[in-house]
Amino acid sequence: MSDIQESEDVKTQGEGPIKVSYIFPNGDKYEGECSMCAGVMMRSGTGTHTSAGGIIYTGEWLEDKMHSRGTLNHPSGALYEGEFKDNMYHGTGRYTFPDGSTYKGPFNKNRLEGDGAFTDTQGLVWTGEFHGKAALGLKMLHNI
């Protein structure tokens with residue numbers, strides 16, 4: 001983002017985060033907070049990035065990467081709400097698949113990783129240990 005053009009509502013360095021509204025050459029848009037680091041403008045703080053393809057991230061940024069808490073909406077209908085680290089799902093989160101099924105639990109570098117719960121399209125909840133695409137020994141929760 002080093003080529004960000006400052007607008008009139010930009011704060012000067014030292015007054016806290018700089019608020020920007022920027023359109024990238026590829027058509028992506030960013031509205032939110034930035035900071036200067038070694039003379040380069042980086043997304044840092046809270047903001048919304050909308051890709052030209054329709055992916056929308058709203059949340060925290062650190063050194064130009066999705067970091068901490070946020071929401072990532074995909075045009076397919078998939079939605080991730082939770083923790084990020086270095087532009088990846090990392091920490092606790094909830095992923096809603098395009099068909100409406102959901103996974104809630106831990107993520108590690110974009111992978112389902114650990115004790116979580118998957119709710120299928122019929123509303124049945126499956127719990128257990130998830131490791132990427134594998135989930136051996138899941139148990140179905142019964143509503144009594």
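Asn 108 touches Tyr 89, His 90 and Glu 113, leaving aside residues up to four places away in sequence. In this predicted model, Asn 108 belongs to strand β8, which covers residues 102–108, and its relative accessibility of 33% places it among the partly exposed residues, because that class lies between the limits of 20% and 50%. The C-alpha atoms of Asn 108 and Phe 84 are separated by 9.4 Å, with the two positions 24 residues apart along the chain.

The protein as a whole has 11 strands and zero helices, and from the N terminus on its elements run β-β-β-β-β-β-β-β-β-β-β. Of its 144 residues, 33% count as buried, and the accessible surface comes to about 8,700 Å², of which 52% belongs to carbon and sulfur atoms. Among contacts with a separation of 6 or more, residues 24 or more positions apart account for 6%.

**Aromatic pairs**

A pair of aromatic rings is described by the distance of the centres and the angle of the planes. The count for this protein comes to 14 aromatic pairs. One of them joins Tyr 57 and Phe 84 in an edge-to-face arrangement, at 5.0 Å centre to centre and with 80° between the planes. Tyr 57 lies in strand β4 (residues 56–62) and Phe 84 in strand β6 (residues 79–85), so this pair ties together parts that are 27 residues apart in sequence. Both Tyr 57 and Phe 84 are buried. The rings of Tyr 103 and Phe 107 have their centres 5.2 Å apart and their planes at 85°, an angle over 60 degrees, and the pair is therefore edge-to-face. Tyr 103 is buried, and Phe 107 is buried as well.

These four residues also belong to one aromatic cluster, whose other members include Tyr 30, Trp 61, Tyr 89 and Phe 130. Tyr 89, one of the residues that Asn 108 touches, thus provides a link between that contact list and the cluster.

**Charged side chains**

Side chains of opposite charge can pair when their charged atoms come close. The count of salt bridges comes to three, and they are set out below with the separation of the N and O atoms.

| Basic residue | Acidic residue | N to O distance |
|---|---|---|
| Lys 19 | Glu 33 | 3.4 Å |
| Arg 43 | Asp 64 | 2.8 Å |
| Arg 111 | Glu 113 | 3.9 Å |

In the salt bridge between Lys 19 and Glu 33, Lys 19 lies in strand β1 (residues 18–23) and Glu 33 in strand β2 (residues 29–37), so the pair ties together parts that are 14 residues apart in sequence. Lys 19 is partly exposed, with a relative accessible area of 39%, whereas Glu 33 is buried, with a relative accessible area of 15%.

Arg 43 forms a salt bridge with Asp 64, and this pair links distant parts of the chain, with Arg 43 in strand β3 (residues 40–50) and Asp 64 in the loop between β4 and β5 (65–73), 21 residues apart. At 10% relative accessibility Arg 43 counts as buried, because buried means under 20%. Arg 43 also lies over the face of Tyr 30, at 5.9 Å from the ring centre, and Tyr 30 is itself a member of the aromatic cluster.

Arg 111, partly exposed at 44% relative accessibility, forms a salt bridge with Glu 113. Glu 113 is partly exposed too, with a relative accessible area of 25%, and it is one of the residues that Asn 108 touches.

Notes. Residues are numbered from 1 along each chain as its sequence is written. This is a predicted model: local features need pLDDT of at least 70, side-chain atom pairs count only at pLDDT 80 or more; totals for chains, interfaces and linings use all residues. Side-chain values use heavy atoms; hydrogens and water are left out. Rings of Phe, Tyr and Trp (its six-membered ring) pair if their centres lie within 6.5 Å; planes under 30 degrees apart count as stacked, over 60 as edge-to-face and the rest as tilted. Helices (H or I, at least four residues) and strands (E, at least two) are DSSP runs, numbered from the N terminus. Buried means under 20% relative accessible area, exposed over 50%, partly exposed in between (1.4 Å probe, protein chains only). A charge sits over a ring if NZ of Lys or CZ of Arg is within 6 Å of the ring centre and within 35 degrees of the ring normal. Contact means heavy atoms within 4.5 Å. A salt bridge is a side-chain nitrogen of Lys or Arg within 4 Å of a carboxyl oxygen of Asp or Glu. Accessible areas come from the Shrake-Rupley method with a 1.4 Å probe; for residues, only the protein chains shown count as cover.
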